[in-house]
Amino acid sequence: MNRLGSIAATGLAVLCAAGGGPSARAAGATLSREDALWLERVTYGLTTATVSEYLKLGRRRYLDEQLHRRDPRLPPQIAAQIDALQVSHSSASQLLLAVTQEQQRINALSDDAAKQADRKALNEQGNHMAYEAARRELLRAIYSQAQIQEQMTWFWLNHFSVFQYKANDAWLVADYADTIRAHALGHFRDLVIATLTHPAMLQYLDNAQNAAGHLNENYARELMELHTLGVGSGYTQQDIQELARILTGVGIDASGREPRLKPQWQKLYRHEGAFEFNPARHDAGTKTLLGKTFEPGGFDEVERAVDLLVSQPACAAFISRQLAMYFVADDPPRALVEKMAKTFRKTHGDIAEVLQTLFESRELSASLGTKFKDPMHYVVSTVRLAYDGKAILNTHPVVNWLDALGEPLFGRQTPDGYPLTESGWASSGQMSRRFEIARAIGAGNGGLFEPEDGSAAATTGFPQLSTRLYFSAIEPFLSVNARTALDRASSQLEWNTFLLASPDFNYH
Amino acid sequence: MRRRELLHLMACAVPACTAAGRVFAAPPGSPRFLLVFLRGGYDCANILIPYSSAYYYETRPNIAVRRPTGQDTGGALALDSDWALAPALRSSVALLYAQRQALFIPFAGTEDLSRSHFETQDDIELGQAASGRVQGSPDLRSGFMARLAGVVNGAAPIAFTDSLPVCFRGSADIPNISLKGVGRLVFDARQAAILSAMYTGHHLQPQVEDGLELRQEVSRAMEQEMKEASRDALTPKGFELEARRVGRLMRDQYRIGFIDVGGWDTHVNEGSAQGALANNIDSLGKGLTALSQELGAEWRNTVVAVVSEFGRTFRENGNKGTDHGHGSVYWILGGSINGGRVAGEQTGVTRENLFQDRDYPVLNEYRAVLGGLFAALWGLSPEQVQQVFPASTPVDLKVI
C-alpha cells in the first residue's frame with residue numbers, strides 16, 4: 001500500500017471504530033455520481049448529515065424541505081455560539097441609537113487626545129459588530145440544514161449589497177442579514193421593501209439624505225439598475241430623477257422622537273425601528289415614473305413605485321437571470337430564464353416557486369459539475385468537508401480566508417455586489433491565491449478550535465479529509481488528474497492541499 | 001510563441017529561470033503604457049478647476065476650490081488663464097506638469113449615456129464600436145487592452161489587480177497579480193508542478209500556470225523592496241506602495257499594464273481644497289510620482305493615462321457632493337511627452353455649454369484619443385489601431 005492509501009485507510013478505520021457515521025438506513029444506500037453532483041450544487045457542499053438526509057428523503061422531498069420548511073436544525077453548540085453574540089440580542093435601532101449618542105458625546109469632547117482615543121475605541125466596537133454578523137452568517141452557512149435558505153440569504157445580501165465601512169453600517173449589517181433571511185425565499189416585493197426601509201441600505205446608498213430640494217439620486221438609480229430592472233431595460237435619466245423624488249423623506253431616525261409636524265403631515269408620518277418616513281422632507285409634487293403618474297401622497301407613493309417596478313416584465317427577467325447565473329451557469333440558457341421569469345410573473349415574484357422551476361429544470365441537471373465555486377462556496381464547502389458537522393470554536397480563520405480570496409461578507413465597496421461568474425474569480429492571480437488558501441485550510445492550523453473567549457484550546461492536527469464521506473461521495477468520482485496528484489502527495493498536508501486545489505473540488 | 005509556453009520551456013531548461021528581464025523579448029527602451037482607472041467617476045471639476053468660470057463658483061457654493069491667489073496654499077494652482085490644479089497635487093503632479101511631463105484633456109469620455117458606473121466602466125474597457133452599444137450587445141469577451149497587447153510586439157501585458165479587468169479579456173491569457181499585499185512563497189517547484197499538472201487539459205490551465213509562475217517572479221522582485229524597507233523607516237503605504245511595485249515590474253519586465261483605484265463616488269461631503277476627494281487625489285498624485293521615480297531611466301519611455309468612467313454633475317447636489325455626470329478629464333503623464341498643457345477640444349465652461357444642462361459634454365472621445373496616442377507611441381498602422389478600437393477615428397493630440 002502506498003503512503004496515500006495508508007493515510008486514507010487510517011481515516012476510514014478511525015471513523016468506523018468510533019462508531020460514527022450516518023444512520024443505518026442511510027449507510028445502506030449510496031449516492032450516484034449525479035446525486036453527489038446535484039447535492040454539491042444545491043448545498044454549500046457535502047456533509048454526512050446532508051447526504052444522509054438526502055438519501056432518507058429522496059430528491060423531491062429533500063427539495064421541498066429546503067424550499068418550504070427550511071428547518072435549520074443547528075447543532076446545539078453552534079446555536080449556543082450564535083446566542084452568545086451581542087448582535088443576537090440587539091436590534092438595529094438600539095445599536096444605531098447607541099452609536100449615534102456615543103458619537104455625539106465624542107464630538108462634544110474638548111480634549112483632542114481623548115476624542116481620538118474614544119473614536120478609535122468606537123470604531124473597533126463597530127468592526128467587532130460586523131465581525132459578529134459575519135461569524136453568524138458563516139456558522140449558519142456551514143451548519144444550517146436549510147442550505148438553500150442560507151445560500152439565498154447570501155445571494156440577496158449580495159444583490160442588495162451594503163458595505164460595512166459606510167457610515168454606521170458596521171453596527172447594522174447583522175440586523176440587515178436577518179431581515180433579508182426572513183424574506184430570502186418569500187416574495188421579491190417584500191424583500192425590496194425590507195431593504196428599502198433598512199437603515200443599512202438607507203445609509204449605504206445615501207437615501208437617508210435624500211430630501212425635497214436636496215435631491216440625491218444614488219439609491220433611486222441603483223434600485224432600478226441593480227435591484228429590480230437591470231441596466232438598459234428602458235428606463236431613462238428622467239425616471240431616475242422622478243424615482244428619487246418619490247423616495248424623498250425615506251430616511252432614518254433612531255431617537256424614536258416624533259418630529260413636530262404640521263397637522264396635515266402628521267397622518268403621513270411613518271416610523272418603524274430606525275426607519276422613518278418624514279413628510280416634511282418629502283417632495284409634495286406630482287411625479288411620473290415609467291409613464292405612470294404619481295399623485296402627491298406619503299409613503300404609499302414609494303409602495304406604489306415598488307409595485308410598479310417589480311411587476312415589470314424586465315424585473316422578472318432580470319431577477320430570474322441573476323438566480324440562474326448563481327445556481328446554473330455564467331451564461332444561463334435563455335429557455336431556463338424564460339421559464340423562471342414566467343413563474344415569477346405568475347406568482348408575483350414568489351422566490352421559492354421560481355427556484356422550484358430552476359432546481360427541477362433539465363438545464364440545471366445538464367450543468368452539474370461545471371460551475372466554478374466563488375470564494376464563499378469554496379471556503380464553506382472546505383470547512384463542511386474537513387470538519388463534517390463538528391463545531392468549530394473560532395470563526396476568525398474562515399473570515400480571513402474569505403478576505404484573502406477577495407469576497408468578505410459586507411465587504412463589497414460598490415453596490416453591484418460580487419461577480420457571479422467564473423471570470424470574476426478564476427484569473428491567474430486568484431488561482432494561485434486559492435491554492436495558497438487550500439494549503440492553509442489543509443494544514444488545519446488556522447486556529448479554528450481555539451475558543452474566541454481565550455480559554456484553553458483543544459489540540460488539533462490536520463483535518464482528516466479522507467473520511468467515510470470522502471470515500472462514499474467524492475473518491476469514486478475523482479478525475480484522473482486529481483488521482484495522479486493525490487498519489488504524488490508526500491504528506492497528509494500535501495494530500496489535503498492537492499484535494500482542495502483540484503479542479504474536482506473547485507467546481508460544483 | 002505564447003508567454004506561457006516560453007515560460008514552460010525555460011522552466012525545463014533552467015530551474016530558476018525567470019530572473020527579471022530575461023523572460024521577454026521586448027528590447028530595453030521600448031515603450032511602456034500604464035492605464036490607471038479611477039473607478040467611481042472622480043469629480044474632475046474639482047481637480048482640474050475651471051477657475052475662469054463664474055458659473056463654477058455660482059453652482060458649487062460649498063465645494064468649489066478657491067481661485068488661484070499666488071501664495072495661498074488653499075487656492076487652486078493656476079495652469080493657464082482658464083484652468084487650475086487642485087492644491088492637493090502641489091507636491092506631485094503639479095511638479096510633473098511644470099516639467100512638461102503631464103497634460104490634461106478636459107471634456108474627455110465616452111458616448112455611453114447610462115450614467116451607470118458599471119455599464120460605463122465595462123463600455124470603456126471593452127472599447128468597441130458605438131454601433132455595438134446601441135444594439136445593446138457588445139462582445140463581453142474582448143477588451144481593448146487585450147487587443148492592444150495583440151498588436152504590439154513584445155507587449156508583455158499584466159494587470160496589477162486582484163481579478164482580471166474587463167479591458168484585458170480576450171483569447172490570450174493575460175496574467176494578473178495584486179501588489180497590495182505580497183507574502184512569502186508558499187509552494188516549492190515540485191508542489192507547483194503537481195498543482196499545475198492537475199489542470200492539464202482544463203480550460204483554466206493557462207491561468208493556473210501563469211498564476212504559479214507569476215507569484216514566483218513577483219516574490220523575487222519584492223525581495224529588493226524588503227531589503228530597502230529594512231533600511232528605511234519611512235515605508236510608503238497604500239497606493240504609493242503599490243505604484244512603486246508597479247514601477248519596478250514595468251521597468252524590468254512588463255510593457256503594458258493596468259491598475260485601478262477606487263473611492264471616487266463622492267455623493268456626500270466631498271470637500272474642496274481639503275476633504276475626502278482631496279485626500280484621495282493626494283494619494284493618487286504621490287503614487288504617480290513614486291511610479292515615475294521607480295521607473296528611473298525608463299520613465300522617459302513610459303506613458304501613463306489616467307481615466308475614469310464619467311465626470312460628475314457640474315452643480316453640487318443637496319449633500320455637498322456630486323452625482324453621476326458625463327464628460328471627464330483624462331490625464332497623460334510620461335517622461336518625454338509633450339506635456340505642460342491642457343489639450344484637446346475645449347469649450348467655455350458656462351451653463352449653456354453643459355450637456356443636458358447638467359454635465360460636462362464629451363468633446364474628446366476616449367477611443368479617438370487613446371487610439372491616436374497608441375499609434376504615435378508604437379508607430380501602429382491605421383489597420384492596427386482599428387483592431388484595437390474598431391470604427392474609431394484616431395485623433396493625434398501630439399502627446400508623443
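## Where the two chains meet

Chain A and chain B bury about 3600 Å² between them, and carbon and sulfur atoms give 55% of that area. Keep in mind as you look around that this is a predicted model. On the chain A side, 46 residues take part in the contact, and chain B brings 42 residues to it. Which three residues of chain A supply more of the area buried against chain B than any other three? They are S428(A), F435(A) and E436(A), with 16% of what chain A buries there.

Charged side chains also join across this interface, where three salt bridges are found. If you would like one to look up, try R358(B) with E217(A): their side chains meet in a salt bridge, at 3.1 Å from N to O. Over all chains, the structure holds 47 salt bridges.

## Helices α22 and α25 of chain A

Let us stay with F435(A) for a moment, now inside its own chain. Helix α22 of chain A covers residues 428-443, and helix α25 of chain A covers residues 492-501. Their axes come within 8 Å and cross at roughly 135°, which makes α22(A) oblique to α25(A). The crossing of α22(A) past α25(A) is right-handed.

From α22(A), the contact is made by F435(A), A438(A), R439(A), I441(A), G442(A) and A443(A). The partners on α25(A) are L493(A), N496(A), T497(A), L500(A) and A501(A). Sorted by class, the residues of this contact are seven nonpolar, three polar and one charged. F435(A) therefore turns up twice in this tour: in the contact of α22(A) with α25(A), and among the three residues that supply 16% of the area chain A buries against chain B.

## Helices α8 and α9 of chain A

Next comes helix α8 (residues 147-159) of chain A, which packs on helix α9 (residues 173-183) of chain A at an angle of about 120°, the axes lying 9 Å apart. With that angle, α8(A) and α9(A) are oblique to each other, and α8(A) passes α9(A) in a right-handed crossing. On α8(A), the residues in contact are Q149(A), E150(A), T153(A), W156(A) and L157(A); on α9(A) they are Y176(A), A177(A), I180(A) and R181(A). Five of the contact residues are nonpolar, two are polar and two are charged.

R181(A) has a second role to look at. What does R181(A) form with D178(A)? The two make a salt bridge, with the closest N and O atoms 3.1 Å apart. Both belong to helix α9 of chain A, and because they are three residues apart there, about one helical turn separates them.

## Helices α7 and α21 of chain A

The last pair is helix α7 (residues 112-143) of chain A and helix α21 (residues 396-404) of chain A, which pack at an angle of about 95° with their axes 10 Å apart. How are α7(A) and α21(A) oriented to each other? They are roughly perpendicular.

Here α7(A) offers Y131(A), A134(A) and L138(A), while α21(A) offers H396(A), V398(A), V399(A) and L402(A). The contact has six nonpolar residues, one polar residue and no charged ones.

Note on methods: Residues numbered from 1 in each chain as written. Chains lettered and ligands numbered in written order. Predicted model: local features only at pLDDT ≥ 70, side-chain atom pairs only at ≥ 80, totals over all residues. Heavy atoms only, no water. Axes fitted to C-alpha atoms, helices over the stretch in contact; angles between N-to-C directions. Helix = DSSP H or I, 4+ residues; strand = E, 2+ residues; numbered from the N terminus. Parallel < 35°, antiparallel > 145°, perpendicular 65-115°, else oblique. Left-handed = near helix turned anticlockwise from the far one by under 90°. Contact = heavy atoms within 4.5 Å. Nonpolar A, V, L, I, M, F, W, Y, C, P; charged D, E, K, R; others polar. Buried area = accessible area lost by both parts, 1.4 Å probe. Salt bridge = Lys/Arg side-chain N within 4 Å of Asp/Glu carboxyl O.
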